[in-house]
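Student: Could we go through this structure together, one question at a time?
Tutor: Gladly! Have a look at it here before we start.

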Amino acid sequence: MAGTAGPSIHDSSPTGRDAEDDRLGAAYAVGMSIQNAFTTPPTEPRLGIYNFSAGPSHMPLEVVDKVREELLDLGSSGIGLLEHSHRGPEYDQANEEAEAVVRRLAGVNDDHAVIFMPGGATVNFAFLALNYIQEGGTGVYLDTSVWAGKAIEEARPIGDVHVGFDGRSSEMFTCPDPAREGGDIDVPSDARYVFYCANNTGEGTWYEQPPITDRPLIGDLTSDIFSRPWPFERHAMTIAAGQKNLGAAGCSVVVARRDFLADASHRLGPILRFEDHEKADSILNTPPTFAVRVIGLMAEWTEAQGGPAVIAERNAEKAGLVWSTIDGSEGFYHSRAERRSRSNLNVTFQTASPETDARFIEEAAGHGMVNLKGLVGGMRASMYNAFPRRGAEILVEFMKDFAARNG
Ligand code: PMP
């Protein structure tokens with residue numbers, strides 16, 4: 001079964017568990033707080049497994065360990081994180097800290113609000129349409145992926161939808177080309193917003209920059225938030241479900257311009273309105289307290305690592321190792337992601353046949369590299385901010401070995 005093997009396909013590394021436990025043990029021994037340990041880059045996996053999952057996905061051990069500690073006792077209150085009232089000072093503090101660190105990483109001023117919305121990205125896609133197009137106007141969607149498709153699916157029953165870019169064909173996945181006329185997107189004059197998915201988790205493509213439009217821009221940043229510097233201030237709203245670079249599922253981080261929030265439909269109950277959540281400081285009803293705290297800790301870890309600019313370089317290196325192995329494989333591997341739009345977070349590839357792909361996935365799992373099955377066929381290596389570089393190196397080692405044996 002997958003996962004019992006060590007971290008190297010040639011079995012030369014120490015087990016990840018020992019290495020990480022030693023590192024943390026050493027941190028305690030010299031009296032470092034866990035907070036300080038947040039500054040060390042991700043190294044080894046836990047329990048010898050490299051988890052290439054697209055989400056929920058690998059988290060830094062330092063954060064997991066801090067969560068473990070807080071499950072028993074949040075802030076020396078004698079009460080665990082899951083057991084605290086959302087109306088007490090301890091949760092207030094966790095909520096405020098999470099908001100502050102997300103705001104710093106997003107680099108937005110007070111013109112933008114930071115809200116912790118209930119539910120994942122798809123739930124918030126439905127809220128988006130309810131708030132902005134149910135009473136008229138058109139929602140423009142740039143369809144580059146399964147997830148942009150989900151946003152369209154949620155919006156269609158609610159209001160008018162216009163697909164302003166179609167980037168999914170059976171041959172190739174791509175994003176709009178900003179060098180083309182009109183930025184390659186078609187936006188009707190009654191557009192209430194233009195929605196795009198910044199990183200297409202399933203297809204392995206991303207936007208180098210947000211699309212250019214004079215209409216309110218909505219970005220789904222679920223799989224790339226804080227993985228690279230991104231101009232949040234150019235957006236009317238960004239939505240990012242907290243299941244990858246933000247840790248726990250069940251909550252979405254929404255960063256939105258306050259005037260855009262105020263311009264939403266009032267023919268909705270408060271629970272469906274972003275603005276009402278914002279006015280209640282994200283405590284309109286019982287919030288997903290655990291997820292908000294984990295998001296705060298993940299954001300603190302991201303900041304301690306040096307922030308999105310430092311992390312972007314690491315991600316480029318990890319993904320570059322895998323993309324260049326695909327390119328150097330003399331056609332043994334290929335990707336349907338157009339080169340110009342290749343993502344540094346999800347690397348998608350396949351061999352000449354689904355049978356060989358299935359064997360690749362099974363054999364890799366036998367070497368401790370799990371969750372490599374693609375969403376749209378073939379393989380997908382998801383390597384978010386906390387994913388250790390060593391995992392990419394071992395995957396590449398395995399890819400070369402597999403190609404040599406099967407080519
Ligand atoms: N958008 C993107 C970019 C995603 O990667 C995902 C999930 N993988 C979603 C949306 C859907 O998120 P949820 O399951 O939280 O609705």
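Student: Leaving aside its neighbours within four places in sequence, which residues is Gln350 in contact with?
Tutor: First, a word on the source: this is a predicted model, in which local features need pLDDT of at least 70 and side-chain atom pairs count only at pLDDT 80 or more, while totals for chains, interfaces and linings use all residues. Residues are numbered from 1 along each chain as its sequence is written, and side-chain values use heavy atoms, with hydrogens and water left out. Contact means heavy atoms within 4.5 Å. With neighbours within four places set aside, the partners of Gln350 are Phe332, Tyr333, His334, Arg336, Asp357, Gly378 and Met379.

Student: Is Gln350 buried or exposed?
Tutor: Gln350 sits in the loop between strand S11 (346-349) and helix H11 (354-366); helices (H or I, at least four residues) and strands (E, at least two) are DSSP runs, numbered from the N terminus. Buried means under 20% relative accessible area, exposed over 50%, and partly exposed in between, using a 1.4 Å probe and protein chains only. The relative accessible area of Gln350 is 19%, so this residue is buried.

Student: How many helices and strands does the chain have?
Tutor: You can count them along the chain from the N terminus, since that is how the runs are numbered. The secondary structure comes to twelve helices and 13 strands.

Student: Why is the chain called as compact as a globular protein of that length?
Tutor: The radius of gyration is taken over C-alpha atoms, and the globule rule is 2.2 Å times the number of residues to the power 0.38. For 407 residues the rule gives 22 Å, and the chain is close to that, so it is as compact as a globular protein of that length, with a radius of gyration of 22 Å.

Student: What does the C-alpha trace span along its principal axes, and what percentage of the residues count as buried?
Tutor: Along its principal axes, the C-alpha trace spans about 60 × 55 × 30 Å. Of the 407 residues, the share that counts as buried is 57%.

Student: Among contacts between residues at least 6 apart in sequence, what percentage join residues at least 24 apart?
Tutor: Here we consider pairs at least 6 apart in sequence and ask which of those contacts join residues at least 24 apart. In this chain the share is 67%.

Student: What end-to-end distance does helix H9 have, and how many of its residues are buried?
Tutor: The expected span of a helix is 1.5 Å times one less than its number of residues. For the 16 residues of H9 (residues 289-304) that comes to 22 Å, which agrees with the 23 Å between its end C-alpha atoms. H9 is mostly covered, and of its 16 residues the number buried is 13.

Student: Which residue with a positive phi follows H9?
Tutor: Look just after the helix, for a residue whose phi is near 120°. That residue is Gly306.

Student: Is Lys373 buried or exposed?
Tutor: Lys373 is in the loop between strand S12 (369-370) and strand S13 (379-382). Not counting neighbours within four places in sequence, Lys373 is in contact with Ile361, Gly378 and Arg380. Its relative accessibility is 60%, so Lys373 counts as exposed.

Student: And is Arg342 buried or exposed?
Tutor: Arg342 lies in the loop between helix H10 (308-327) and S11. Setting aside residues up to four places away in sequence, Arg342 touches Gly204, Trp206, Trp323 and Asp327. At 15% relative accessibility, Arg342 counts as buried.

Student: Which residues does Asp186 touch, not counting residues up to four places away in sequence?
Tutor: Asp186 is in the loop between strand S4 (160-166) and strand S5 (191-197). With a relative accessible area of 42%, Asp186 is partly exposed. The residues that Asp186 touches are Val140, His162 and Gly164.

Student: What is the phi of Asp184?
Tutor: Asp184 also lies in the loop between S4 and S5. The phi of Asp184 is positive in a residue other than glycine, with a value near 75°.

Student: Which peptide bond is cis, with omega near -15°?
Tutor: Look in the loop between strand S1 (50-51) and helix H3 (61-72), where Pro56 lies. The cis bond runs from Gly55 to Pro56.
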